[in-house]
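Student: I have a structure to look at and a list of terms I only half know. Could we go through them one by one?

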Amino acid sequence: MVTSRNHSLDSFDGNSVCSRNSCGNSNESQHQKHKNVSRHPHQRDSSTTNSSSSYPSGTLPDWAYHSRKCDDGRTRHTVENAPYMLPNDLTESDRLDAQHYLVRFLLKGNHNVDLDPEANLKILDVATGTGVWALEMAHEFPKADIYGVDISAIFPTEIKPSNCHFQLCNILDGLPFPDNYFDFIYQRLLVYALTPEQRKQVYVELQRVLKPEGYLQLVESDGIVYNAGPEVEMINNLSLETSLRHGVDPRDVQNMKAGLKGTGYTGVNSFHVALPVGNWGGKVGALSLQNMHGLATIWLKGEVGKLDQEACDARLAIVDREIEQYKPYYKVWLVVGQKPSVAAAQLREARKAAVSLANSSAQTSYPSPETTAPPRRSMAAA
Ligand SMILES: C[S@@+](CC[C@H](N)C(=O)[O-])C[C@H]1O[C@@H](n2cnc3c(N)ncnc32)[C@H](O)[C@@H]1O
């Protein structure tokens, strides 16, 4: 089974990434080759759900096969209702893979709850990206089944362990899995993918597919480079402006702990750690600087920055000089919460019902002046 590791959750930092461009042209992408994405056996029937993944076999929607080519030369997804603004091309896949190793190093492993390697666990990786985390988990837990979903088919479709399953899915349309299905759910670096309201909806949806007492682990960065010099601060502002254009406020991830508690998760713990950016932070800092360059390039050349390659390179050269002086870092948050047991959930519902009953009887005894007509006074009493 799954148990929470004994954390002194306090603070931790990594980097994150993601955003979306309003660049127009819809082009067929390199993902055409992923057309034969199969339907998951547990996918709900399209008559009972509006999940975007619930399409009859062979009739996936257009967005499954297309990306749009943007003015900065990068490709991005075409899903109308998903605010995610980062590219989905090979350059981005390389960056995501390198970022995975950074975060894994920072958090001392791929998961921070204890998982029984002998159990037939069902594990979900929400917005799996290249699937690198899911693939490693499939090796580490050969008796488990690992499921990865993403809006872009940048995950492997053919060469993968048999206990690793990927499928296209826009999580904002609901997950194509039954209630109470997963023992453990992992969601990493969706900072640029969700508006604050959508983030709350996702917490609810994840709770639906999590088994009672199952664990959810969230890993995020707010994308802000702390201790920034003037040039890095300019890039911070650029990333914020770009995200806000899409309704995404990256600072919202600072509220994950409260968000999970508000959705009814129990035992919610959180901490964040610092991820150095620059050679001053040793090998990790150097790798993290490369990752930061990748992100900064997206902001500098994107829909707000609009720089060409030459101008972008010039700005990054200034960044590099500045970084050794200011010693900046990202913050990476880790939050773990548990779906309540059936008994605890029943108790919670009973408490809610009792409170609502108490409120309604209070209203009956003490009618509110706004909703109740004033008592008629008889002439005699007047
Ligand atoms: C920064 S990447 C992180 C990928 C992976 N979790 C990791 O840590 O390596 C964010 C991922 O979220 C995916 N994504 C964004 N919006 C999504 C949505 N509405 N539904 C499913 N996936 C989404 C993107 O396609 C991208 O692969």
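Tutor: Start with residue classes: Ala, Val, Leu, Ile, Met, Phe, Trp, Tyr, Cys and Pro count as nonpolar, Asp, Glu, Lys and Arg as charged, and the others, Gly among them, as polar. By that rule, the shell around the ligand divides into 13 nonpolar, six polar and two charged residues. This is a predicted model: local features need pLDDT of at least 70, side-chain atom pairs count only at pLDDT 80 or more, and totals for chains, interfaces and linings use all residues. Residues are numbered from 1 along each chain as its sequence is written.

Student: What makes a residue part of the 21 that surround the ligand?

Tutor: Its C-beta atom, placed from the backbone, lies within 6 Å of the molecule. The closest residues are Y84, A127, G129, I151 and A193.

Student: Why is strand 6 called mostly covered?

Tutor: A residue is buried if 20 or more other C-beta atoms lie within 10 Å of its own, exposed if 12 or fewer, and partly exposed in between. Five of the five residues in strand 6 are buried. K122, L124 and V126 point one way, I123 and D125 the other. In a regular strand the side chains alternate between the two faces of the sheet.

Student: What makes strand 6 and strand 7 a pair?

Tutor: Strands are DSSP runs of E, at least two residues, and helices are runs of H or I, at least four; both are numbered from the N terminus. Two strands pair if DSSP finds at least two bridges between them. Strands 6 (122–126) and 7 (145–150) have five, and run parallel. I123 stands opposite I146, and V126 opposite V149.

Student: Why are strand 8 and strand 11 said to stand at the edges?

Tutor: The open sheet has the order 8-7-6-9-10-12-11, with mixed pairing. Strands 8 and 11 each have a single partner strand, so one side of each is left without a neighbour in the sheet.

Student: How do you know which residues V126 is in contact with?

Tutor: Contact means C-beta atoms within 7 Å, placed from the backbone. Leaving aside neighbours within four places in sequence, V126 is in contact with V149, I171, I185, Y186, Q187 and L206.

Student: What makes a nonpolar core?

Tutor: A set of buried Ala, Val, Leu, Ile, Met, Phe, Trp, Tyr and Cys residues, joined through C-beta atoms within 7 Å. The largest here has 84 residues. I123, V126, I146, F184, I185, L206 and V335 touch the most other members.

Definitions and conventions. Two residues are in contact if their C-beta atoms, placed from the backbone, lie within 7 Å.
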